[in-house]
Amino acid sequence: MKLDDKITAKPHWDKSAEDVWNERFAALTEDDGNEVQTDSAEVRTISILGWTKRILSAAAVILVIFSATAYLYTKNIQAPTGQVLSAILPDGSEVRMSSTSEISYRPLLWMFAHDVKLSGEAYFSGHHVKGFSVKTNNGNIDVLGTSFNARTFDNRLEVACIDGRVKVITHQSSVVLTAGMQTATQDGQLKTGHFTDAESITGWTHGVFSFYDRSLADVIKDVERNYGVKIETSANIDTMRYTGRFTRDKSVENVLTIIGQPYGITFKITK
Amino acid sequence: MIDKNDFKALFDEYYESLRLYIYYKIAEKDAADDMAQDVFMTVWEKRKGIDQNNVKALLYKIAAGLVVDYYRKCDIKADFSQWVKMNGSEDTLSTNEQAEYNETMQRYAEALNSMPEGQREVFLMNREEELTYREIAERLDLSVKAVEKRMSAALKVLNDKKLTL
């Protein structure tokens, strides 16, 4: 049978192409084109993508806010003048701060960074988590073992290791201390040696001030800090060394008499 | 990137053919017209990222995708029996001629229904719109050889229905 030209499968459209153009496309303008919605599957895929994007960006914003909060939220602990303050750190270890000394850390970031900032003098003891680190302006101390004392007065850092091991790091050098060793920054370098009298280092934590061949000026500064006073003296004490001990329960006048008597000098409390 | 003028030119050149292409696949003229409009709307919305050089094949690709979605929603077999018609007046035909035409049209519809979609669209693009094999190949992003293959397979289906061109 001949399938001739008369026979066709072409439909007769309700609307001419021109009508379709006029009804649906003629009014499109360059700038509103993106907002025109159709029910085609292609466009739906795009809008689903748009939602995923929105959710992702919302999550990103929340994450940024949370990180910022976690970073900015720091806990500060400062010992009152004339007192030793004991605090428990998040890892359960103990820190004792001497008069006016301050530590700070970020509780929300503790699980990521076990960093404690110190200014002043503190004695750290107990079992520390791995990665526990004490930051000071003059160097850092990575804690490898347990107990140690750290002082950061007068732009110096002095660390004494009582038990276990700690690593002291400054810009120029670093040293690992084991029990019985101490180190101090001096002209940018770390001067390391052994100490014989642990009481002279940690005595302050239980109210005993013990000094072994210490510069008298340093001793007076310790008294000033621990009693919250200012002390003046007429004599030149720069070259004098002091060895001796006293307890915190004595009055500051009494203490100054004990210190000054052997040298024959007197001190005046100005504040 | 295409602008409104490019878009109008594209519409004028391909709209008619595109809605026929979809119709060849699904044998539904209203749905085909709607889908063809959706194709152009998609192209308009994505106009900033469209490369003018292969936009022709893109039209047909989007259309084919919409047809897949269409079949996902309603699983009906394309039926051309209501669409096959005679051009021109039937009055001049004798009763015999009329009967013969009816028979031919019925066989033509049956042949179209039994063809796979790929064969049918190529065959109808060629027969109804007189597009060359090269033109069909470009629109469907096929080789000319592939178009020839589909054509000869389609002609074999017609032959089985004892239809000759």
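Here are legends for four close-ups of a predicted model.

**View 1. The largest nonpolar core, with B:F40 and B:Y108 as its best-connected members.** This core has 67 residues, and B:F40 and B:Y108 touch the most other members. At least two residues each come from α1 (17–25) of chain A and from a run of chain B helices: α1 (4–26), α2 (29–45), α3 (55–73), α4 (95–114), α5 (117–129), α6 (133–140) and α7 (144–160). The largest share, 12 residues, is down to α1(B). Apart from this core lies another one of 28 residues, with A:M97, A:Y105, A:V134 and A:F148 among them.

**View 2. Zooming in on the contacts of B:F40.** Skip the neighbours within four places in sequence, and B:F40 is in contact with B:F7, B:L10, B:F11, B:Y14, B:Y15, B:L18 and B:L59, plus A:F25 from chain A.

**View 3. The largest pocket, about 860 Å³ in volume.** Its lining takes in 36 residues, and those nearest the centre are A:E158, A:Q182, A:Y212, A:D213 and A:R214. Two or more lining residues apiece come from β10 (148–151), β11 (158–161), β14 (181–186), β15 (189–194), α3 (199–202), β16 (208–215) and α4 (216–227) of chain A. The top contributor is β16(A), with 8 residues. Sorted by character, the lining has 14 polar, 12 charged and 10 nonpolar residues.

**View 4. A:G264 in its loop.** Look for A:G264 between α5 (252–260) and β19 (267–269) of chain A. Is A:G264 buried or exposed? A:G264 counts as exposed because its relative accessible area is 63%, and the cut-off for exposed is over 50%. The C-alpha atoms of A:G264 and A:A235 are 9.6 Å apart, with the two sitting 29 residues apart along the chain.

Note on methods. Residues numbered from 1 in each chain as written. Chains lettered and ligands numbered in written order. Predicted model: local features only at pLDDT ≥ 70, side-chain atom pairs only at ≥ 80, totals over all residues. Heavy atoms only, no water. Core = buried A, V, L, I, M, F, W, Y, C linked by side-chain atoms within 4.5 Å. Buried < 20%, exposed > 50% of the residue type's maximum accessible area, 1.4 Å probe, protein only. Helix = DSSP H or I, 4+ residues; strand = E, 2+ residues; numbered from the N terminus. Contact = heavy atoms within 4.5 Å. 1 Å grid on protein atoms, 1.4 Å probe; cavity = no way out; pocket = protein on both sides within 12 Å on 5 of 7 lines; lining within 4 Å. Points joined across faces, edges and corners; volume = space filled by probe spheres on them. Nonpolar A, V, L, I, M, F, W, Y, C, P; charged D, E, K, R; others polar.
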